[in-house]
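Hi,

Here is the structure I promised to pass on. Have a look at it first, and then read on for what turned up.

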Amino acid sequence: METTGMMEAAGAAEAQNKAPRGVRDILPEESWKWAYVSNTVARTMADFGYSEVHLPIFEHTELFSRGVGDTTDIVEKEMYTFVDRGGRSVTLRPEATAGMVRAALEHSLCGQNAAGKLWCWGPMFRYERPQKGRYRQFYQFDAECLGLAGPVADVEVIALSAEIFRRLGLRNLEVVMNSVGCPNCRPRYRKVLIDYFTSKKDVLCGSCIDRLDRNPLRVLDCKVSGCGAVADSAPAIYEHLCDECSAHFEEVKAGLARLGFPYKLDKRLVRGLDYYTKTAYEILSGDLGAQNAVCGGGRYDNLAESIGGPHLPGVGFAAGFDRVVLVMEQQGNSFGRRPQTQVYVAAQDDAARGAVQIFTHKLRQEGISAEQDAGDASRGTRSFKAQMKSANKAGVPWTCIIGGDELAKNLVAVKNMTSGEQVSLPPEEAAAYIRRYIG
Ligand code: ATP
Ligand code: MG
């Protein structure tokens, strides 16, 4: 009894001291890289005419069960759903498209003549088996183009995702594409597929036999090798598309060719979300191993209706932020310059500490990043020598020193740490002097 009690206590202590399985802290070592990536994403989205929306992290559970689809892995197995204190069922968003369409309808963000081009980024939540590149809280950036039914919008969306990756320097990527048809032609293809897979039933895995009648398209992207071999020889949907879907598909391909984008057709690409119609695509990285998709998207002309709205065509993509950073690190790509302290302000003696605090604050107000010894009676202030050691250790390009002499004449000694050059200037001029160098 005693031992069990202790083990339970130890388990509880561990739970409190560690982040839950599948979630992680993005620490300073990495967070500056995230800022670089999100800035690049924001800039590219703006260049393509997209406006940012901050969406809520949780929504009514029904939004996802209806929008994403009851028979998808996400809704069946992966959602973080709970009942709140008011007795409502809410879900931490597993993806952003359903929320974005909900927001666009709620606030009339696109009209008859104006497309709603919206983007967002932030955490998503899925109860999955954590592994490299797969987390339970992960991040996506996401673009949705609402209100346009034509193939030019599809091409623009694919081009936008590819352009973000180009600016981030990602190499070794492949665009794979398919059409998943529409409610006109999919039922026919569904039947062809059920007939085909039923004839191969003895080779399919348990979950594929399970989903054969409910969602036979999902058998196409099963990762089990036996099912994969059968799926490879399955009839291709693009040979069963209706005229409209077929013409749309041809025009998307022509549009990509016009922009010079190479792509590959993959008849097994169906995407795990029910809302897709016509175009479905993914961008895969050759440097990610098993979790190789950095981006997935496509057209979803019936999503708005399935969540109780009017008919509203849409096309968009979601990209895995964590995986993008992972690939960039692996490929040794640039994240720009890590923000660094520019100036260390040192007090030669205790009498100068007040002046150091004032001057440090002035530099910071001017947008020059500055550090000082912020020790006090409880922690102990650091000697002048120790302060200079901190400045050296931090590798700051400039130090400013204030001592008795400087105090008496209202000056600051500005030292260029690279050249060793030192000048004494009034505080206002000292800031301007440093600014001239660091730009
Ligand atoms: P996967 O095939 O890797 O499970 P998915 O098809 O479930 O991906 P989407 O729903 O299309 O993924 O999400 C778009 C992108 O979000 C993916 O291409 C991937 O980069 C990223 N992503 C999805 N799930 C996770 C996760 N659990 N952890 C980290 N990134 C993820
Ligand atoms: Mg998945």
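Before the ligand part, one bit of vocabulary: the helices and strands here are DSSP runs, at least four residues for a helix and at least two for a strand, numbered from the N terminus. Also keep in mind that this is a predicted model.

So which strand gives the largest share of the shell around ligand 1? That is S10, with 3 residues. Strands S6 (137-146), S10 (293-299) and S11 (314-320) each put at least two residues into that shell. Sorted by class, the shell has 6 nonpolar, 3 polar and 5 charged residues. There are 14 residues around the ligand, and the ones that come nearest are Arg126, Glu128, Tyr135, Arg271 and Ala293.

A few polar distances may interest you:

- Glu128: an N or O atom of its side chain is 2.6 Å from a nitrogen atom of ligand 1.
- Arg126: here a side-chain N or O atom is 2.8 Å from an oxygen atom of ligand 1.
- Gln140: a side-chain N or O atom lies 2.9 Å from an oxygen atom of the ligand.

On its own, ligand 1 has 580 Å² of accessible area, and the protein covers 88% of that.

Now the inside of the protein. In soluble globular proteins, nonpolar side chains tend to be buried together. In this model the largest nonpolar core has 94 residues, and Met45, Phe141, Phe165, Phe197 and Phe317 have the most contacts inside it. Helix H6 (residues 151-167) gives the largest share of this core, 7 residues. There is also a second, separate core of 19 residues, with Ala347, Val356, Trp398 and Ile434 among them.

Phe197 is a good one to click on. Leaving aside residues up to four places away in sequence, it touches Leu204, Leu212, Pro216, Val219, Leu220, Val230, Ala231 and Ala234.

Last stop is helix H5 (residues 97-106), which is mostly covered, with 8 of its 10 residues buried. Those buried residues are Thr97, Ala98, Gly99, Met100, Val101, Arg102, Ala103 and Ala104. What lies over them? The cover includes strand S2 (58-60), helix H3 (61-67), strand S5 (116-125), S6 and helix H12 (303-306). S6 also turns up in the shell around ligand 1, where it supplies at least two residues. Just after H5, Ser108 takes a positive phi of about 45 degrees.

Happy browsing!

Notes: Residues are numbered from 1 along each chain as its sequence is written. Chains are lettered from A and ligands numbered from 1 in the order in which they are written. This is a predicted model: local features need pLDDT of at least 70, side-chain atom pairs count only at pLDDT 80 or more; totals for chains, interfaces and linings use all residues. Side-chain values use heavy atoms; hydrogens and water are left out. A nonpolar core is a set of buried Ala, Val, Leu, Ile, Met, Phe, Trp, Tyr and Cys residues joined through side-chain atoms within 4.5 Å. Buried means under 20% relative accessible area, exposed over 50%, partly exposed in between (1.4 Å probe, protein chains only). Contact means heavy atoms within 4.5 Å. A residue is near a molecule or strand if one of its heavy atoms lies within 4 Å of it. A polar contact is a pair of N or O atoms within 3.5 Å; within protein, one must be able to donate a hydrogen and the other to accept it, and residues adjacent in sequence count only if both atoms are side-chain atoms. Accessible areas come from the Shrake-Rupley method with a 1.4 Å probe; for residues, only the protein chains shown count as cover. Ala, Val, Leu, Ile, Met, Phe, Trp, Tyr, Cys and Pro count as nonpolar, Asp, Glu, Lys and Arg as charged, and the others, Gly among them, as polar.
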